[in-house]
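Please look through the structure below alongside its sequence. The paragraphs that follow start from a single residue and work outward.

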Amino acid sequence: QVQLVESGGGLVQAGGSLRLSCAVSGRTFSTYVTAWFRQAPGEEREFVASIRWSGSSTEYADSAKDRFTISRDNAKNTVYLQMNSLKPEDTAVYYCAVKSRFTSSYPYWGQGTQVTVSS
């Protein structure tokens, strides 16, 4: 199976930056996709960004484009989410998740890391 551990969340002022990390362990394949999702209080979980485990294909939600960058370090089995120009509406629990690129659902999830952006 696959285990995911997020880190890097915290409290930051509006306009600041944070870098989230997702350490991936267990059975992984080059066909996997790793994604970041977030869930604000009272809201549904939403997609933020994704990256394939091989190649350079990435996807972003409109809310993340131009401010967030997803990247990976295969040697460290870690995926990052660099978040710049943070806004109070970015406040949420951020989760990383893994799936095969041939499926639509994400079966593997981390425990989440809290990001709070103060105004």
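This is a predicted model. Lysine 65 is a convenient place to begin: its relative accessibility is 43%, so it counts as partly exposed, since that class covers values between 20% and 50%. The residue sits in the loop that runs between β6 (58-60) and β7. Its side chain makes a polar contact with the side chain of aspartate 62, at 3.3 Å. Valine 33 is 32 residues away from lysine 65 along the chain, and the C-alpha atoms of the two are separated by 18 Å.

The strand that follows this loop, β7, belongs to an open sheet. Four strands make up the sheet, in the order β1-β3-β8-β7, and their pairing is antiparallel. At the edges are β1 (2-7) and β7 (68-73), each of which pairs on one side only. From one strand to the next, the twist averages 20°. Strands of a sheet pair through backbone hydrogen bonds, in either a parallel or an antiparallel way. In the case of β1 and β3 (residues 18-26), which run antiparallel, six bridges join the two. Within this part of the sheet, glutamate 6 stands opposite cysteine 22 in β3.

Next comes the interior. In soluble globular proteins, nonpolar side chains tend to be buried together. Here the largest nonpolar core has 26 residues, and those with the most contacts inside it are Trp36, Val48, Phe68, Leu81, Met83 and Tyr94. Two or more residues come from each of β1, β3, β4 (32-39), β5 (46-52), β7, β8 (78-83), β9 (92-100) and β11 (113-118). Methionine 83 shows how such a residue is surrounded: leaving aside neighbours within four places in sequence, it is in contact with Gly16, Ser17, Leu18, Leu20, Arg67, Phe68, Tyr94 and Val115. A second, separate core has five residues, among them Val33, Phe37, Ala97 and Tyr106.

Phe37 and Tyr106 appear again among the aromatic residues, where Phe37, Phe47, Tyr95, Tyr106 and Trp109 form one cluster. The structure holds five aromatic pairs. One of them joins tyrosine 95 and tryptophan 109 edge-to-face, with 6.4 Å from centre to centre and 80° between the planes. Tyrosine 95 lies in strand β9 and tryptophan 109 in strand β10 (residues 108-109), so this pair ties together parts that are 14 residues apart in sequence.

Are the two partners buried or exposed? Tyrosine 95 is buried, because its relative accessible area is 14% and the limit for that class is under 20%. Tryptophan 109, at 33% relative accessibility, counts as partly exposed.

Notes. Residues numbered from 1 in each chain as written. Predicted model: local features only at pLDDT ≥ 70, side-chain atom pairs only at ≥ 80, totals over all residues. Heavy atoms only, no water. Pairing = 2+ DSSP bridges. Axes fitted to C-alpha atoms, helices over the stretch in contact; angles between N-to-C directions. Core = buried A, V, L, I, M, F, W, Y, C linked by side-chain atoms within 4.5 Å. Buried < 20%, exposed > 50% of the residue type's maximum accessible area, 1.4 Å probe, protein only. Contact = heavy atoms within 4.5 Å. Polar contact = N/O pair within 3.5 Å; in protein donor to acceptor, adjacent residues only side chain to side chain. Phe/Tyr/Trp six-rings, centres within 6.5 Å; stacked < 30°, edge-to-face > 60°.
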